[in-house]
Amino acid sequence: MSMAVTTSNGLRHQAATRRTAKTQFLRDHLFTIMASVDFRDNLLGISWVDSGWVPILNPGNVLDYFSERSNPFYDRTCNNEIVKMQRLTLEHLNQMVGVEYILLHAQEPILYIIRKQQRQSPTQVIPLADYYIIAGVVYQAPDLGTVISSRVLSAVHGIQSAFDEAMSYCRYHPSKGYWWHFKDQEEREKTKPKSKKKEEPSSLFQRHRVDTLLLDLRSKFPPTFYQPKPGDKPIPVEVKKEPEPPTEAAKQEEREPATKSSAPAPPSKPPPEKRARLQ
């Protein structure tokens, strides 16, 4: 029996150890992923512009404008920088391997689209990011995942705000239950003309019964002090004591002798006469 209990305890301990190790591994893995993400790489919330280039932008110099050193969207290790340093033409980019920038679309004089791509061969490239220039201001175009995430987040925020606002109008009382109390309802009640309530005639109890009760209480408990004016010294009131009526026992004793004296005594009857028997 003791061996079985020891074995079951050991199995429980091993299962708990495995769960703890798995949880720790997942936690460390999550921290590693979060540490590897550089939030500075997210350039969707910034823009860049050089006002000196805006009046002279055209499809021939837009890549030179984009490759300015102050532009945070430009990668200095790209093939465009190598071609620029060697004073070669952009046609040599097709013969190189690595990151490069090309002019994808131009709509003069307001819109230019530049693509960042990874070239693997003269005929195979992988798009990495797109940038658009509107009136000289450079922005990074968001990817599909970022657009969907932003839309979902906006929708969830709107739904949460609607629920919060709805809950602010909810009221509860133990005797009434739940009800809705809106702000415009108070304004409508204020602007609404108040209807005069019909005055109901008072009842006989309301007119006389209360006065009768007060007079009865005053006669039973008369005031001991009287104040003529507010602030004057109270004056004691003399209460005349009326003679107490005779109690019922005394009345009954007085009635009993009178009843006895007034009632005549019954006459005494003579004994019956004895008659002689005839023989």
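Me: Which residues form one aromatic cluster in this structure?

Reply: An aromatic cluster is read as a list of ring-bearing residues, and in this predicted model one such cluster is formed by Phe66, Phe73, Tyr74, Tyr101 and Tyr131. The structure holds twelve aromatic pairs, and a good one to begin with is that of phenylalanine 66 and tyrosine 131, whose ring centres are 5.3 Å apart and whose planes stand at 50°.

Me: Why is the pair of phenylalanine 66 and tyrosine 131 called tilted?

Reply: The angle between the two planes decides the name, because under 30 degrees counts as stacked, over 60 as edge-to-face, and the rest as tilted. With planes at 50°, the pair of phenylalanine 66 and tyrosine 131 is therefore tilted. Phenylalanine 66 belongs to helix H2 while tyrosine 131 belongs to strand S4, so this pair ties together parts that are 65 residues apart in sequence.

Me: Are phenylalanine 66 and tyrosine 131 buried or exposed?

Reply: Both phenylalanine 66 and tyrosine 131 are buried. As another tilted pair, take tyrosine 172 and tyrosine 178, with ring centres 4.5 Å apart and planes at 40°. Here tyrosine 178 counts as exposed, because its relative accessibility is 64% and exposed means over 50%.

Me: What sits over the ring of tryptophan 179?

Reply: A ring can also have a charge placed over it, and in this case the charged end of lysine 176 sits over the ring of tryptophan 179, at 5.5 Å from the ring's centre.

Me: How many bridges join strand S2 to strand S3, and how many residues lie between them?

Reply: Strand pairing is read from bridges and from direction: S2 (residues 98-107) and S3 (residues 111-121) run antiparallel and are joined by nine bridges. They form a hairpin with three residues between them, and glutamine 107 stands opposite leucine 111 in S3. S3 also pairs with S4 (residues 124-134), again in the antiparallel sense, over ten bridges, and these two strands form a hairpin with two residues between them. Across that second pairing, tyrosine 112 stands opposite isoleucine 133 in S4.

Me: Which residues are the closest to the centre of the largest pocket?

Reply: A pocket is described by its volume and by its lining, and the largest pocket here has a volume of about 230 Å³. Of its 14 lining residues, Leu63, Asp64, Ser67, Asn80 and Leu90 are the closest to the centre. The elements giving two or more residues to this lining are helix H2 (62-66), helix H3 (79-85) and S2. Sorted by class, the lining has nine nonpolar, three polar and two charged residues.

How values were computed
Residues numbered from 1 in each chain as written. Predicted model: local features only at pLDDT ≥ 70, side-chain atom pairs only at ≥ 80, totals over all residues. Heavy atoms only, no water. Pairing = 2+ DSSP bridges. Helix = DSSP H or I, 4+ residues; strand = E, 2+ residues; numbered from the N terminus. 1 Å grid on protein atoms, 1.4 Å probe; cavity = no way out; pocket = protein on both sides within 12 Å on 5 of 7 lines; lining within 4 Å. Points joined across faces, edges and corners; volume = space filled by probe spheres on them. Nonpolar A, V, L, I, M, F, W, Y, C, P; charged D, E, K, R; others polar. Phe/Tyr/Trp six-rings, centres within 6.5 Å; stacked < 30°, edge-to-face > 60°. Buried < 20%, exposed > 50% of the residue type's maximum accessible area, 1.4 Å probe, protein only. Lys NZ or Arg CZ within 6 Å of the ring centre and 35° of its normal.
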